[in-house]
Amino acid sequence: MDSLLPFDHQLYSLYMDDMNNSQGFYITPSEDGSALVAGVRPVAGDHSGDHHRERAERAARFAVDEHNKTAAGEKDLLEFHGIMNLNWQPTVCAMYYITMQATDFDGQPAYYEAKVWEKLNSGYKLELFRPAPYRLKCPDAFKETICCVGINDLLPWMNESYLFYKCFYRIRSQLLGVTIIRGEEWNSYRGALWFKNRAELKECMKKYVGETMPCSNKVYDFDF
């Protein structure tokens, strides 16, 4: 059972920033595991036996099925592969904020976000389904100039949602995408930020060089 804190203005302000930026798909974990009463909270770990993850996977599969029912054609169909980030909110049963990986008709993997209400004794209701905003996009106009900057030595919990919503949200309009290269060992995690051209990349990075990454004591380690 979650431990609940009395009202904390700083915690509430941080929570509202996360909610306004991500609509519930990224919430900063508290240091002691506590949560705001009735608030959206992260589900830590990726254990298949976890109660919330088992129910959320059923909700995620439901979301993909609902998407496929309204797909314009065979090429728009998706196949669910797994949950990458999970938040949940206690309601009458539960509301799940799911970041999942799915593959399209051509077998290309991509991230999607789904908000699914698990109703009491009456199944699920899909509230929202969309491509993750940090999904890499490469319009034809930028195919010749697209470039990226690497971010070295990421910690295991520093996923795409964290990088986009917590670290680089203020430059989101300049980003074409955020990706993470996941090696076989934890210490090989590495991120990449994609931009239209090198001029925009350099201008944006001026705001971050030498700064500390949110919720950590690590300084941004960019690989230009």
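## Two residues with positive phi

At 44% relative accessibility, Asp153 counts as partly exposed. Asp153 sits in the loop that runs between strand 6 and helix 3, and its phi is positive, about 55°, although Asp153 is not a glycine. Please keep in mind as you read on that this is a predicted model.

Gln23 is another case to look at. Its phi is near 55°, again a positive value in a residue other than glycine. Gln23 belongs to the loop between helix 1 and strand 1 (41-42), and with 36% relative accessibility Gln23 counts as partly exposed.

## Strands 2, 3 and 4

Let us turn to strand 3, which is mostly covered, with 9 of its 11 residues buried. Strand 2 and strand 3 run antiparallel and are joined by 11 bridges. The two form a hairpin with 1 residue between them. One of the bridges to look for is that of Pro90, whose partner in strand 3 is Ala94.

Strand 3 also pairs with strand 4, in the antiparallel sense and over 10 bridges. This is a hairpin too, with 5 residues between the strands, and Gly107 in the turn has a positive phi of about 80°. Within this pairing, Gln101 stands opposite Tyr111 in strand 4.

## The sheet of strands 7, 8, 6 and 9

An open sheet of 4 strands follows the order 7-8-6-9, and its pairing is antiparallel. Strand 7 and strand 9 (222-223) are at the edges with a single partner strand each, so one side of each has no neighbour in the sheet. The antiparallel pairing of strand 6 with strand 9 rests on 2 bridges, and here Gly150 stands opposite Asp223 in strand 9.

Gly191 is a handy residue for finding your way around this sheet. Gly191 lies in strand 8, and at 1% relative accessibility Gly191 counts as buried. Leaving aside neighbours within four places in sequence, Gly191 is in contact with Val149, Gly150, Ile151, Leu154, Thr179 and Ile180. Ile181 is 10 residues away along the chain from Gly191, and the C-alpha atoms of these two residues are separated by 6.1 Å.

## Nonpolar cores

The largest nonpolar core holds 38 residues, of which Leu163, Phe168, Leu193, Phe195 and Met205 touch the most other members. At least two residues of this core come from each of helix 1 (9-22), strand 3 (93-103), strand 6 (147-151), helix 3 (160-167), strand 7, strand 8 (190-195) and helix 4 (198-205). Helix 3 gives the largest share, 5 residues.

Which residues does Leu163 touch, not counting residues up to four places away in sequence? They are Ile151, Leu154, Phe168, Val178, Ile180 and Met213. Apart from this core lies another, of 22 residues, including Val43, Leu86, Tyr96 and Ala114.

## A pocket and a cavity

The second largest pocket offers about 280 Å³ of space. Its lining is made up of 15 residues, and the closest to the pocket centre are Gln101, Pro109, Ala110, Tyr111 and Thr179. Strand 4 (109-118) and strand 7 (175-181) each supply at least two residues of this lining. By class, the residues that line the pocket are 8 nonpolar, 3 polar and 4 charged.

As for cavities, how many of 30 Å³ or more are there? The count comes to 2. The second largest cavity has a volume of about 30 Å³. Its lining consists of Met84, Asn85, Thr99, Tyr111, Tyr134, Asn159, Glu160 and Ser161, and strand 2 (79-91) and helix 3 each supply at least two of the lining residues. By class, 3 of these residues are nonpolar, 4 polar and 1 charged. Tyr111 appears again here: it lines the second largest cavity, it is among the residues closest to the centre of the second largest pocket, and its position is opposite Gln101.

## An exposed loop residue

To finish, have a look at Glu144. Glu144 lies in the loop between strand 5 (124-131) and strand 6. Is Glu144 buried or exposed? With 76% relative accessibility, Glu144 counts as exposed, because the cut-off for that class is over 50%. Glu144 and Arg130 are 14 residues apart in sequence, and their C-alpha atoms are 28 Å apart in space.

Terms used. Residues numbered from 1 in each chain as written. Predicted model: local features only at pLDDT ≥ 70, side-chain atom pairs only at ≥ 80, totals over all residues. Heavy atoms only, no water. 1 Å grid on protein atoms, 1.4 Å probe; cavity = no way out; pocket = protein on both sides within 12 Å on 5 of 7 lines; lining within 4 Å. Points joined across faces, edges and corners; volume = space filled by probe spheres on them. Nonpolar A, V, L, I, M, F, W, Y, C, P; charged D, E, K, R; others polar. Core = buried A, V, L, I, M, F, W, Y, C linked by side-chain atoms within 4.5 Å. Buried < 20%, exposed > 50% of the residue type's maximum accessible area, 1.4 Å probe, protein only. Contact = heavy atoms within 4.5 Å. Pairing = 2+ DSSP bridges.
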